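Got the viewer open? Here's a short tour of two spots, with what to select at each stop.

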Amino acid sequence: MSCQRGATQVCRWTMTAGDPGDVAGMTHDEVSCMSDQSLLPEVVYDPTDPMHRREQMFPRLSLEMVQRIAAYGREEHVPVGTLLFERGQRGADFFLVLDGLIEIFELDKHGQPHVFSMHAARQFTGEMNLFNQRSILASARAAMDSRVVRLPPDDFRRMVASEADISEIIMRAFILRRVGLIRMGYGGVVLVGPARSADTLRLERFLIRNGYPHRLIDTEVDPAADGFIECFQLRHDQLPVVICSEQCFLQNPSTAELADELGIAESIDPQRVYDVVVVGAGPAGLAAAVYAASEGLSTIVVEGLAPGGQAGTSSKIENYLGFPTGISGQALAGRAQAQAQKFGARLAISRHAAGVDCAAQPYRVQLDDGQVITARVVIVATGARYRKLDVPGYARFEGAGIHYAATAMEGQLCRGEEVVVVGGGNSAGQAAVFLSGIAAHVHVLVRSDGLAATMSDYLVQRIASSSAITLHARSEIVDLDGEEHLQHVSWRHRDTGEVTTRPVGNMFVMIGAEPCTDWLRDCLALDMHGFVLTGRCAEGHLLESPYATTKPGIFAVGDVRSGSVKRVASSVGEGSVVVQAVHRYLHPEAG
């Protein structure tokens, strides 16, 4: 790594030559004559690494497919050096190469192009951002005189919707390319700060769950951190900071500020009236978005953090139909998000719903940044959040040792250490099993007599048979201790009064559920626990749909709905089925 202060007096932190896949030292002719496959780095075989699926990552289409795509766009001649799109641009065009070579690059620390992939004849440009209006992560230019077919965004989406076999190839390539960008760190940002601090974890969690490439420099252990801090003349209490390749420097930004700077947040047209606004991008909300958009309804999804909801934090879901070896919540959410965007749904990430005007139709959903989304139908899918423990000092360690998710990111903090999981539901069981392969030991605490009444049997059996997990029944947390982050946890047996204290730096709290319905209290009828009442009108009469609320045109699905089954499959089912009721509401004349 190197640190450079240029004419603009902005200190830029970049990766120097020698990183995996670096081709910056090559001459232009050497780069131009290479195929895209040869530019990819040679690394030890890993079956999960997209770099080993090069034929799918950079497919070469048949001549017949090329002809079909060409019918949706226009052919152009692009001279060598022509810039086709650049990093930060929104709504980039799709390019299919007929002859020549297109290189994908980012700028190095000297402002020179660093090429990391190339597209030759019958190959195409793009990755997942072509399905939305987010800022793209890299630039493209003609490496030699070339002929291409250009498809503007609307024509690209029309082609994808009409050509199923081509769409499958493109979708697979785009997903693999995004995973490749994440693994290799191209097109991303540098996050600098202590890995265990609440704000560093908050920012890293946002980047990971939104699939944004980044590199973390842990100032507590990374020897390069001292040079960085000196370069930017920072104090440790000013961390974390985010450095972008566009010379942006963000000091401990809010999630919304980071999303805006990186172009993750999409702009909202205040004049547009959508058919459907889905509030919440958990399994129920994403399912509703997929089915609504695929059936031609203009759809936008509002989500405060990242797609997946509570399920997106599950390390592995093994009892979801169709995935016999299991799937992580984040992977499931990522696939659902890609499906929804493929059919044209918009996703407004990093924005929370603050309220809804129920007095007039179409409905107006107010966001926490002051923007307003207008829609004829509102689908409430905001789900539920875990409850907090009533323990002295609890708030001080939230994010600094107390977590509500057990993913690979949190797992890195637990390697070789003891951890505590509080809760007896499936999420707690999945977390305990996942962490048992990383931590020195996992302590599972429940206030009840055991797990059988609240957890799926396959998880109960794994916990019982694992030597790395100890179940502490009829036990509760009584004390937390530490300085800047959690260091010791104490719990008491409810019958004997015996108190146990262990050196624990990470505790995972997964107890109960509180509905995310504060923004609805002036609009819909809620039950005594705050969940949305559905299926009956204010007078108690049955409604046509079990997902209809006390306001016509507003539906509720998933965990936020009173009486719902708190399972991923159930939420997906409700999100899918509710679209039929939406159609009946929007088109009553159709019967």
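## First stop: Asp357

Select Asp357 and Ala359: a polar atom of the Asp357 side chain sits 3.0 Å from the backbone nitrogen of Ala359. Keep in mind that this is a predicted model.

Now widen the selection to strand E17, residues 353-357, which includes Asp357. Is Asp357 buried or exposed? Neither, quite: its relative accessible area is 29%, so Asp357 counts as partly exposed, between the 20% and 50% cut-offs.

Next, show the neighbours. Leaving aside residues up to four places away in sequence, Asp357 touches Tyr363, Arg364 and Gln366. Then add Asp522: 165 residues separate Asp357 from Asp522 in sequence, yet their C-alpha atoms are 8.9 Å apart.

## Second stop: the E3-E9-E5 sheet

Switch to cartoon and pick out E3, E9 and E5. These 3 strands make an open sheet in that order, with antiparallel pairing. Strands E3 (74-78) and E5 (94-99) are the edges, each pairing on one side only. Look along the sheet for its twist, which averages 35° from one strand to the next.

Zoom in on E5 and E9 (residues 146-151), whose antiparallel pairing runs over 5 bridges. For one of the rungs, select Phe94 and its bridge partner in E9, Leu151.

Now bring in the helices. Helix H4 (residues 63-70) packs on the sheet and touches E5 and E9, its direction making about 130° with that of E5. To finish, select helix H5 (residues 153-162), which lies across E5 and E9 and runs at about 80° to E9.

Notes
Residues numbered from 1 in each chain as written. Predicted model: local features only at pLDDT ≥ 70, side-chain atom pairs only at ≥ 80, totals over all residues. Heavy atoms only, no water. Helix = DSSP H or I, 4+ residues; strand = E, 2+ residues; numbered from the N terminus. Buried < 20%, exposed > 50% of the residue type's maximum accessible area, 1.4 Å probe, protein only. Contact = heavy atoms within 4.5 Å. Polar contact = N/O pair within 3.5 Å; in protein donor to acceptor, adjacent residues only side chain to side chain. Pairing = 2+ DSSP bridges. Axes fitted to C-alpha atoms, helices over the stretch in contact; angles between N-to-C directions.
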